[in-house]
Structures are given as structure tokens and as C-alpha cells.
Amino acid sequence: QVQVAESGGGLVQAGGSLRLSCAASGSIFKVADMGWYRQAPGKQRELVARITSTLRTNYADSVTGRFTISRDNAKNTVYLQMNSLKPEDTAVYYCNADIIRSDYVLRNAWGQGTQVTVSS
């Protein structure tokens, strides 16, 4: 069994910053791609940013230049530094990871989500 768990959400004023963390745990051989998605009320879940195990990144256009994704492979953890936050960034943020278990079976794991609220 493998899983991921997010932390670091909260309430912040527009223009402020937050840092989200997500750690993978369980019987892990290797964590491959990791990423962040978000879902605002009444909208579909969308990609925010992803990072490969070799640190290649891609971002949604709406967050490019404001958000930075990074990871610590030794800790199986991914981070999302969010700066210059806007009210439209308000959403539940979900961590996602492709995890190769210790029995070499690939699993895709989602976290339970963490709320980010940006007030104007």
C-alpha cells in the first residue's frame, strides 16, 4: 500500500504566499512523476504543475512565473511554492504521484486535498 498526504494549505490575502508539501509513504521502490492539481467550486480538476524524478517541470499557464514546484527525492516529497496569490487561485489542491511499489507494481496515488483560500 502506498499513499500521499498534503499539508500547508490555509487562508492568505491576495499577493501573499503559501507553501504546500506532499509526502509519499508506504512500501516504495521509487516515486516517478509527482504533481499538483486543483479544483475550484463548480469547476473541473486541473493541472497546476508536475515534476519528474529528473526534475523536469511543467506548469499551467495561469501559474507560470508565480508558482514553483520542487521535490526532495530522498524524502519522497514534493513542494509547491505559491507566490503572488490571487483570489482565482482559491481551490482544493491535490497531490498526485506515480509510485513504483516495492513489488515493482506501478500505482497512481491521490491525496485527500488541502484547501487554499485567497481573500481579496
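## A pair of strands

In this predicted model, strand 3, which covers residues 18-26, and strand 8, which covers residues 77-82, run beside each other as an antiparallel pair joined over six bridges. One position in this pairing can be followed by eye in the structure, since Leu-18 stands opposite Met-82 of strand 8. As background, the strands of a sheet pair through backbone hydrogen bonds, and they may do so in either a parallel or an antiparallel way.

## The sheet around the pair

Strands 3 and 8 belong to an open sheet of four strands, whose order across the sheet is 1-3-8-7 and whose pairing is antiparallel. At the edges lie strand 1 (2-7) and strand 7 (67-72), each of which pairs on one side only. If direction is ignored, neighbouring strands of this sheet are turned against each other by 15° on average.

## Two loop residues with positive phi

Beyond strand 8, the loop that leads to strand 9 (91-101) contains Ser-84, a residue other than glycine whose phi nevertheless has a positive value, near 50°. Is Ser-84 buried, partly exposed or exposed? Its relative accessibility is 41%, and Ser-84 therefore counts as partly exposed, because that class lies between the limits of 20% and 50%.

Tyr-104 is found in the loop between strand 9 and strand 10 (106-110), and its phi is also positive, near 70°, although Tyr-104 is not a glycine. With a relative accessibility of 60%, Tyr-104 counts as exposed, because exposed means over 50%.

Key
Residues numbered from 1 in each chain as written. Predicted model: local features only at pLDDT ≥ 70, side-chain atom pairs only at ≥ 80, totals over all residues. Heavy atoms only, no water. Pairing = 2+ DSSP bridges. Axes fitted to C-alpha atoms, helices over the stretch in contact; angles between N-to-C directions. Buried < 20%, exposed > 50% of the residue type's maximum accessible area, 1.4 Å probe, protein only.
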